[in-house]
Amino acid sequence: MSEYFQFRVELLDGPPMQLLLYPSQPPDSASLFTLLTAWLKQTVQFSQIQAEQGADWIKIRFYFQAQPFYLNFVHYGDCYWIDADSHASLVLLSPLAEFIASIECNHGLSRI
């Protein structure tokens, strides 16, 4: 498995408003927590990374432009999504989607 993976990003206009992430090739679930956490930590525009993991889920809180978001994953549905954690964060969902698409070359992500 490659340490890089690509996402197609879709802004779901809600409610609730969310960014849906679709991997082109799902990474190995054993290393997924490490990959997602490392990707967020290596991206300068993301800060205050706080990761949690359960038996079948991953939730990583991070900040983008000083606003909180959650990157979520559930194993049983192979679902990835990003939630805003405040009203101010909701306004930044579209710029966050554009940013994720823009860093394809640096981190192997893309907006298809």
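Two rings of Phe, Tyr or Trp, the last represented by its six-membered ring, are taken as an aromatic pair if their centres lie within 6.5 Å. By this criterion, a search of the whole structure, which is a predicted model, finds 8 aromatic pairs. One aromatic cluster is formed by Trp 39, Phe 46, Phe 62, Phe 64, Phe 69 and Phe 99. A further arrangement involving a ring concerns Lys 59, whose charged end sits over the ring of Tyr 70 at 4.7 Å from the ring centre.

The chain contains 4 helices and 6 strands, and these elements follow one another along the sequence in the pattern β-β-α-β-β-β-β-α-α-α. Of the 112 residues in the chain, 39% are buried. The chain exposes about 6100 Å², and 51% of that area is supplied by carbon and sulfur atoms. Among the contacts in the chain with a separation of 6 or more, 41% are accounted for by residues that stand 24 or more positions apart.

Confidence in the prediction varies along the chain. The average pLDDT is 83, with 86% of the residues scoring at least 70; by element, the highest confidence is found in β4, at 96, and the lowest in helix α4 (residues 104-107), at a mean of 49. Over residues 108-112 the pLDDT is below 50, although this stretch has 24 contacts in the model beyond near neighbours in sequence. Where pLDDT is low, the predicted coordinates should not be read in detail.

The largest nonpolar core comprises 25 residues, of which Leu 19, Phe 46, Phe 62, Phe 69, Leu 71, Ile 82 and Leu 96 touch the most other members. Two or more residues are given to this core by each of β1 (7-13), β2 (17-23), α1 (29-42), β4 (57-64), β5 (67-74), β6 (79-84) and α3 (93-102), and the largest share, 5 residues, comes from α3. Phe 46, listed both among the core residues with the most contacts to other members and in the aromatic cluster, touches Trp 39, Leu 40, Phe 62, Tyr 63, Phe 64, Leu 96 and Phe 99 when residues up to four places away in sequence are not counted.

Several individual positions illustrate how parts of the chain that are separated in sequence meet in the model. Tyr 80 is found in strand β6 and is classed as buried because its relative accessible area is 3%, which lies under the 20% limit for that class. Outside the residues up to four places away in sequence, Tyr 80 touches Phe 7, Leu 19, Leu 20, Leu 21, Pro 23, Pro 27, Leu 32, Leu 36, Asn 72 and Phe 73. Of these, Leu 20 is 60 residues from Tyr 80 in sequence, while the two C-alpha atoms are 6.2 Å apart in space.

Leu 93, placed in helix α3, is likewise buried, with a relative accessible area of 0%. Apart from residues up to four places away in sequence, Leu 93 touches Leu 11, Met 17, Gln 18, Leu 19, Phe 69, Ile 82 and Ala 84. Between Leu 93 and Asp 83, which are 10 residues apart in sequence, the distance from C-alpha to C-alpha is 8.3 Å. Ser 89, found in helix α2 (residues 87-91), also counts as buried, at 0% relative accessibility; leaving aside neighbours within four places in sequence, Ser 89 is in contact with Gln 67, Pro 68, Phe 69 and Ala 84. Phe 69 and Ala 84 thus appear in the contact lists of both Leu 93 and Ser 89.

Glu 10, in strand β1, is by contrast partly exposed, with a relative accessible area of 29%. Glu 10 touches Gln 18, Leu 19, Leu 20 and Tyr 22, again without counting residues up to four places away in sequence. Although Glu 10 and Ala 97 are 87 residues apart in sequence, their C-alpha atoms are 7.5 Å apart in space.

Two residues are notable for their backbone geometry. Gln 48, found in strand β3 (residues 46-53), has a positive phi of about 50° although it is not a glycine. A positive phi of about 50° is also present at Gln 65, another residue that is not a glycine, and this residue has its place in the loop between β4 and β5.

Technical notes
Residues numbered from 1 in each chain as written. Predicted model: local features only at pLDDT ≥ 70, side-chain atom pairs only at ≥ 80, totals over all residues. Heavy atoms only, no water. Core = buried A, V, L, I, M, F, W, Y, C linked by side-chain atoms within 4.5 Å. Buried < 20%, exposed > 50% of the residue type's maximum accessible area, 1.4 Å probe, protein only. Contact = heavy atoms within 4.5 Å. pLDDT = per-residue confidence, 0-100. Areas by Shrake-Rupley, 256 points an atom, 1.4 Å probe, with all protein chains shown as cover. Phe/Tyr/Trp six-rings, centres within 6.5 Å; stacked < 30°, edge-to-face > 60°. Lys NZ or Arg CZ within 6 Å of the ring centre and 35° of its normal.
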